[in-house]
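Open the model in your viewer and keep the selection tool at hand. Each stop below says what to select and what you will find there.

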Amino acid sequence: MKIYISILILIILTLCKPEGINNIVSISERNILLNNSAYTIKGICYHPVPKGSDKRNFSNLSQDLDLMLEAGINTIRVYEPITEFSVLDQIHAAGLKVIIGFGYNQGGLNDILSGTFIDYVNTYKNHEAILLWELGNEYNYHPKWFGDDIKNWYEALNNAAKLIHEQDLSHPVTTAHGELPDSLALAICTNIDVWGMNVYRWDNPEEIFSQWAAVSNKPMYLSEAGADSYMTIAKNGYAKGSNELAQADATKNILDAIFRNREICSGVTLFAFVDELWKVGNNDRLDSGGWAPNSSGVPYDGAPNEEYWGIVDIDRNKKQAFNVVREKYTNYKRESIETSKKEISAIEEGSEYLVISRDNYLDKLYGFWLGQCIANWTGLVTEMDKIGNIGPIKTGDFYTREDWGQADQPSIWGEGVPSDLSPTIDFVFKDTNEVWGADDDTDIEYIYQNLLYTHENSILSPEQIRDGWLKYIKDKEENFLWVSNQRAFDLMKEGILPPETGNPANNQYFEMIDAQLTTEIFGLFAPGRPDIALKMAHLPIQTTAREEAESISEFYVFMYSLASSVDTGISIDKQIIWMANQARTVLPDSTYPAYMFDYTKKLYESGIPWEQTRDSIYFRYQVNQEDGYDITSKNLYGNGCFAAGINFASSLVSLFYGKGDIIETIKIGTLSGWDSDNPTATWGGLLGFMIGKGEIEKAFGRKFSNQFNIHRTRQNFPNNGIDSFENMAKKGIMITDKVVKGQMGGTIDFEKNIWNIPMNKLK
């Protein structure tokens with residue numbers, strides 16, 4: 001009975017898989033990743049044409065898949081798209097992946113020239129059998145197909161890859177290039193993620209790996225390599241005629257060279273699975289001969305006998321090469337795991353490292369975006385409802401706990417009308433069939449993540465920030481920028497670069513809240529290393545902030561980074577206090593943010609209600625202007641209700657009194673006053689990251705939308721601005737990969753799917 005229950009549970013879990021999250025293919029450094037684990041291509045080229053025919057046919061697929069599984073094959077490369085869902089379903093059910101190839105001119109059928117290839121991509125991109133999209137096969141050998149100018153092909157290739165990227169974030173793009181790409185190909189084809197290479201260098205392709213490492217840091221694999229089983233002449237001790245031993249020996253040497261270089265090469269799709277009788281003479285029998293471009297390196301006779309390349313013959317009888325493939329493919333993973341164990345033990349013995357699961361981190365990054373959206377949109381209900389009673393705008397008594405669930409009151413600009421998000425002060429959710437909209441608490445962070453991802457670096461330059469703002473932020477119409485962000489944007493349009501856009505001499509709003517809500521995410525890209533996070537966030541913060549506002553922004557970045565290195569053996573409320581105390585060190589003791597922190601924490605520790613602490617903050621800092629906080633004397637609109645200072649103090653109330661409970665923290669933040677959506681979004685994002693997607697759903701007892709519309713507030717993103725939290729989290733993982741290796745000097749163990757991060761000791 002227990003067996004049947006286990007099977008039922010497995011079936012239910014399989015059927016309930018979130019769409020898209022279980023087949024995310026990405027790249028990191030020189031690695032191809034499948035759901036954030038390193039993927040080695042142990043593949044085969046597959047074009048099954050039956051005897052007597054010249055057309056591909058999958059009638060023998062079941063037997064072929066059984067043979068492939070026996071040989072340890074995990075990937076099939078096809079030269080033209082598979083248009084039957086049933087075929088892809090069968091391949092997926094067998095546990096194999098497919099590299100789908102597109103031709104340039106195929107008469108308008110799923111080809112690059114007509115643009116119909118993208119229709120195929122959009123139709124099949126969610127199928128779990130897909131590994132990579134491949135554009136072209138050895139077209140660099142045929143410039144005559146492109147007006148005798150190979151640049152025409154490279155430009156078409158690059159544009160096609162770009163179009164795929166805009167439509168599908170879950171599968172990288174490759175091409176099957178003939179041999180090592182030259183500088184022209186690499187310079188033009190920047191949108192190619194993984195370079196496939198058809199390489200025939202006798203029985204030893206070893207040199208190509210060092211050659212590739214010298215010209216590119218992208219992943220590569222051998223899209224074709226191998227040997228045929230016919231010797232045109234007797235050579236190297238192999239007799240003329242049909243010769244399976246020659247093929248087997250060459251295959252062994254080729255695979256050994258590939259797997260010796262796994263730090264550079266992501267694998268191979270060996271050419272080919274089955275003999276191809278249609279290529280030379282009579283389609284009913286094997287014929288020697290044939291020709292292929294640049295094929296003089298075919299072992300061991302320098303002649304590509306085109307019909308003899310299968311590791312099985314046309315009747316599916318195994319050749320000697322089949323046994324070689326089975327031995328090499330099935331033993332590969334075991335060897336690499338043993339190697340990685342030795343490497344990680346050496347790391348752990350030598351230094352103190354923070355070890356983080358990349359799978360868990362993906363879930364946490366999803367939780368960050370989800371938690372931030374819930375808190376942001378809930379906080380917007382009460383944004384600027386309560387700012388005090390100083391100056392011409394008076395908003396009466398602040399909200400208290402009893403106001404939760406009661407009627408919302410109008411904001412300072414609401415002209416007597418409450419929020420249209422909710423008639424009562426309550427949570428604002430998006431169901432699974434709805435879409436979260438971007439707001440100023442999420443959209444600039446989204447831009448910064450996109451810039452880090454597309455530029456493939458960890459430290460953004462002034463020009464990259466300027467160009468990103470000008471591209472993605474609307475100019476004339478409503479652009480959802482205010483105070484310091486708007487002023488910085490105007491300065492960028494005048495040609496002024498960060499950090500001068502945040503210089504008080506140029507930007508009179510430098511002490512407003514803006515930098516806080518645009519830079520927290522940098523802490524997540526440097527897990528457990530706030531020193532690196534602050535380095536990454538320095539210029540983005542100074543784009544809009546200086547002085548105390550800059551320190552406050554650094555506080556939040558510090559908190560976000562520490563969320564990865566807390567002691568999970570203690571309660572979450574104690575984790576929060578530890579993180580806050582550590583982040584306090586970035587606040588200079590003689591400045592008002594430090595006084596605000598110490599004062600708010602002291603009141604919290606006294607045991608008084610949160611409402612009383614909030615009211616005390618209001619009187620101390622806005623009424624009495626103590627500890628050097630003099631916003632009131634400046635007679636700003638709304639008494640500086642957008643200022644970094646008062647909103648920082650308010651955020652500490654919800655942080656301390658929320659005690660790590662995401663629901664309680666969002667409630668208190670929403671009721672605390674001033675710019676209530678911003679501090680609330682900050683802690684919603686932090687706590688969402690700390691507990692992850694599943695725990696958020698558990699806390700609220702429901703499922704949420706995973707869709708995000710960046711075009712609600714920004715512009716010029718792919719897919720009309722619609723993204724998913726899965727894809728956003730995936731980008732965060734790839735950014736963090738680069739930070740771990742490039743900025744921290746850490747390592748990535750792709751077999752165990754972990755980061756090993758050298759730590760700086762914190763007290």
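**Stop 1: D408**

Select D408, in the loop that runs between helix 10 (358-379) and strand 15 (436-437). Keep in mind that you are looking at a predicted model. Which side chain of opposite charge is nearest to D408? That side chain is K386, 8.8 Å away, and D408 has no salt bridge although it is buried. A salt bridge would need a side-chain nitrogen of Lys or Arg within 4 Å of a carboxyl oxygen of Asp or Glu.

Now show the backbone of S419. Its nitrogen is reached by the side chain of D408 at 2.8 Å. To see the surroundings, add the residues that D408 touches, leaving out those up to four places away in sequence: V381, T382, D385, Y399, P418, S419, S422, P423, T424 and I425.

**Stop 2: helix 18**

Select residues 592-606, which make up helix 18. Take the distance between the C-alpha atoms at the two ends: they are 21 Å apart. This agrees with the 21 Å that 15 residues should span at 1.5 Å a residue; the expected span is 1.5 Å times one less than the number of residues.

Colour the buried residues of helix 18 next: Y592, P593, A594, M596, F597, Y599, T600, K601, L603 and Y604. What covers them? The cover includes helix 16 (547-562), helix 17 (572-583), helix 19 (610-623) and helix 20 (644-658). Step past the end of helix 18 to G607, which follows the helix and has a positive phi, near 95°.

**Stop 3: strand 19 and its partners**

Select residues 754-758, which form strand 19. Five of its five residues are buried, so strand 19 is largely enclosed by the rest of the structure. Look at each face in turn: I754, N756 and P758 lie on one side, W755 and I757 lie on the other, and both faces are covered.

Add strand 14 (residues 353-357), which runs antiparallel to strand 19 and is joined to it by five bridges. Within this pair, find Y353 and look across to P758, which stands opposite.

Then add strand 18 (residues 747-749). It too pairs with strand 19 in the antiparallel sense, over three bridges. Here T747 has N756 as its bridge partner. Strand 18 and strand 19 form a hairpin with four residues between the strands, and in that hairpin N753 takes a positive phi near 60°.

**Stop 4: A729**

Move to helix 23 (residues 725-742) and pick A729. Is A729 buried or exposed? Its relative accessibility is 1%, so A729 counts as buried; the cut-off for buried is under 20%. Residues up to four places away in sequence aside, A729 touches L362, L365 and Y366. For a sense of distance, draw a line from the C-alpha atom of A729 to that of W291: the two are 47 Å apart in space and 438 residues apart along the chain.

**Stop 5: strand 13**

Select residues 265-270 for strand 13. Six of its six residues are buried, so the rest of the structure largely encloses strand 13. Show strand 4 (residues 41-45), which runs parallel to strand 13 and is joined to it by four bridges. In this pairing, K42 has V268 as its bridge partner. Show strand 10 (residues 220-224) as well; it pairs with strand 13 in the parallel sense over two bridges, and M220 is matched with C265.

**Stop 6: backbone exceptions**

Most residues other than glycine have a negative phi, and most peptide bonds are trans. The next four selections depart from that pattern.

- F271 to A272: this peptide bond is cis, with omega near 5°. A272 is in the loop between strand 13 and helix 9 (320-350).
- P498 to P499: this peptide bond is cis, with omega near 5°. P499 is in the loop between helix 13 (483-493) and helix 14 (516-519).
- W202: its phi is positive, about 60°, although W202 is not a glycine. Find W202 in the loop between strand 9 (194-198) and helix 7 (206-215); with a relative accessible area of 25%, W202 is partly exposed.
- K659: its phi is positive, about 55°, and K659 is not a glycine. Find K659 in the loop between helix 20 and helix 21 (662-672); with a relative accessible area of 45%, K659 is partly exposed.

Conventions. Residues numbered from 1 in each chain as written. Predicted model: local features only at pLDDT ≥ 70, side-chain atom pairs only at ≥ 80, totals over all residues. Heavy atoms only, no water. Buried < 20%, exposed > 50% of the residue type's maximum accessible area, 1.4 Å probe, protein only. Lys, Arg positive; Asp, Glu negative; His and termini not counted. Polar contact = N/O pair within 3.5 Å; in protein donor to acceptor, adjacent residues only side chain to side chain. Contact = heavy atoms within 4.5 Å. Pairing = 2+ DSSP bridges.
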